[in-house]
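Student: I am new to this structure and would like a close look at one part of it. Please take the place where two domains meet, and then go on to the salt bridges elsewhere in the chain.

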Amino acid sequence: MIPVTTLKDRKVALFGLGGSGFATARALIAGGADVTAWDDNPDSVAKASAEGIRTEDLHGIDWSQQALFVLSPGVPLTHPKPHWTVDLARAAGVDIVGDVELFVRERRAHAPDCPFIAITGTNGKSTTTALIAHILKSSGYDTQLGGNIGTAVLTLDPPKAGRYFVVECSSYQIDLAPTLNPSAGILLNLTPDHLDRHGTMQHYADVKERLVAGSDTAIVGIDDSHSALIADRVERAGVTVVRISRRNVVASGIYAEGTKLVQAVGGAMLPFADLDGIRTLRGSHNAQNAAAAVAACLAVGVSADDIRAGLASFPGLKHRMQPVGKRGRVVFVNDSKATNADAAAPALSSYDRIYWIAGGLPKSGGITTLSPYFPRIAKAYLIGEAAAEFAATLGEAVPYEISGTLERAVAHAAADAERDEASASAVMLSPACASFDQYKNFEVRGDAFVGHVAALDGMTMLIGPATGEK
């Protein structure tokens, strides 16, 4: 835990008692703050009270006495309308922050020079975050990994000299972190997302820009127009900018030529690494993720040789294009995190011959946008509520069966792939659907896939079926 000592003996109001909210309340109390917490969910309030966190309806507190208001990132700050607590805090002139802001204040107070890498973007954040942390850990650095990737940032070990922090930041977290100042800040890309919470694409982009604008080194993907403009704007403001691209040559930065990463420095184009053969970094989207990781690790002093070794040994992000097993010429890929069509596209674009397991609780739009990848699909195995809808979309373009269950789909896909005479093929769970019709969440679904794969005869598992780790 990181005790929030910067608010010792001061009154702090907190709203939102989910996972990160609980962690924040505990960190504030551990640092000596006088915390009053609340949530709209009575069960969450009762749980907090039972754990010794003082709870009180924030309608009734004296806001003029509050030094700060801490808001959980899942609670609306601006759109579609501010939460009622936001209105109360603003009326009293109380600053509103989130847990990432508390972290950066603690870092400044206790170890301002400890390296801090922050990652944001519409797509690829988690893979890039995990890759950077893996490179640092495998290079022998004391590494803390957290934020939006699933570990609340204030549950990490406290900042100290020589400790490296790798923090994934959502737009909501950035919006609540006005003094965010990473050593290296990454903006991967921008496409319309979360506009219900940001109102317009421009406001969404403005929020994301804050992360790199406050960085010592800003690493920006320039393959979309919003991000390219941000790179130019931040550079004009005096920030050191490293541009990355998976499509185009850059004058200074890291770019991809197929599977090769090239470092552009002072007019010279220097080969840096080749991702060919690294199963966990297939596809042009992962070339961008790897380019960002390389740039960030170079910015905080990691040697080129250590970075190359880390790229080669990356085990992949669990449930995201994760190779989990191999049998003969067939690789089995867990992409359970692909809960909509856009999320499934990168995996489908990364293999040439696919036995595709898809379906679950369908999202709006179905899989029509995936039609450019249909020629890569040898056969589809459809499960869950979406099976009939997906079958209608596939029509005569792709052979399919309605398998119904994941277990049956894995068995049938594995048998069909084994009979395939192609030089290589993939049995892939990339559902393009939510899991809730059959599984609690995408993690449980992905673990079930791994278990079914592990049960097949003659499998060489690339991960442990229980943990999903190498």
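Tutor: What follows starts with the domains, turns to the interface, and then goes through salt bridges and two single residues.

The model is predicted. In the protein chain, the domain assignment gives domain 1 as residues 11-97, domain 2 as 100-313 and domain 3 as 322-461.

Take domain 2 and domain 3. Their C-alpha centres are 30 Å apart. The contact between them involves five residues of domain 2 and six residues of domain 3. Between the two domains about 550 Å² of area is buried, and carbon and sulfur atoms give 62% of that. On the side of domain 2, the residues that lose the most area to domain 3 are R279, R282 and H285, which together make up 81% of what that side buries.

Now the kinds of interaction at this interface. The rule finds zero salt bridges across the interface of domain 2 and domain 3. It does find one residue pair in polar contact there, with both residues at pLDDT 80 or more. Sorted by class, the side of domain 2 that touches domain 3 has three polar and two charged residues, and no nonpolar ones.

Salt bridges do occur in the structure, which holds 20 of them. One joins the side chains of R26 and E51, with N and O 2.8 Å apart. This pair links distant parts of the chain: R26 belongs to helix α1 (residues 19-30), while E51 sits in the loop between α2 (42-50) and β3 (68-71), 25 residues away. Both partners are partly exposed, R26 with a relative accessible area of 34% and E51 with 42%.

Another salt bridge is formed by the side chains of R54 and D34, at 2.6 Å from N to O. R54 lies in the loop between α2 and β3, and D34 lies in strand β2 (residues 34-38), so this pair ties together parts that are 20 residues apart in sequence. R54 counts as partly exposed at 40% relative accessibility. D34 also counts as partly exposed, at 24%.

E235 and R243 form a further salt bridge, with their closest N and O atoms 3.0 Å apart. Here the two partners fall in separate classes: E235 is partly exposed at 37% relative accessible area, whereas R243 counts as buried at 16%. Elsewhere, salt bridges that share partners join K379, E401, D416 and R419 into one network.

Two single residues remain. S139 is in the loop between α5 (125-138) and β6 (142-147). S139 has a relative accessible area of 18%, so it is buried, the limit being under 20%. A polar atom of the S139 side chain lies 2.6 Å from the backbone oxygen of I135. If neighbours within four places in sequence are left aside, S139 is in contact with V302 and D306.

G451 is part of helix α15 (residues 442-454). With a relative accessible area of 32%, G451 is partly exposed. G451 and D216 are separated by 235 residues in sequence, and their C-alpha atoms are 44 Å apart in space.

To return to the part you asked about: the interface of domain 2 and domain 3 has one residue pair in polar contact and zero salt bridges.

Notes. Residues numbered from 1 in each chain as written. Predicted model: local features only at pLDDT ≥ 70, side-chain atom pairs only at ≥ 80, totals over all residues. Heavy atoms only, no water. Domains from an automatic or database assignment. Contact = heavy atoms within 4.5 Å. Buried area = accessible area lost by both parts, 1.4 Å probe. Salt bridge = Lys/Arg side-chain N within 4 Å of Asp/Glu carboxyl O. Polar contact = N/O pair within 3.5 Å; in protein donor to acceptor, adjacent residues only side chain to side chain. Nonpolar A, V, L, I, M, F, W, Y, C, P; charged D, E, K, R; others polar. Helix = DSSP H or I, 4+ residues; strand = E, 2+ residues; numbered from the N terminus. Buried < 20%, exposed > 50% of the residue type's maximum accessible area, 1.4 Å probe, protein only.
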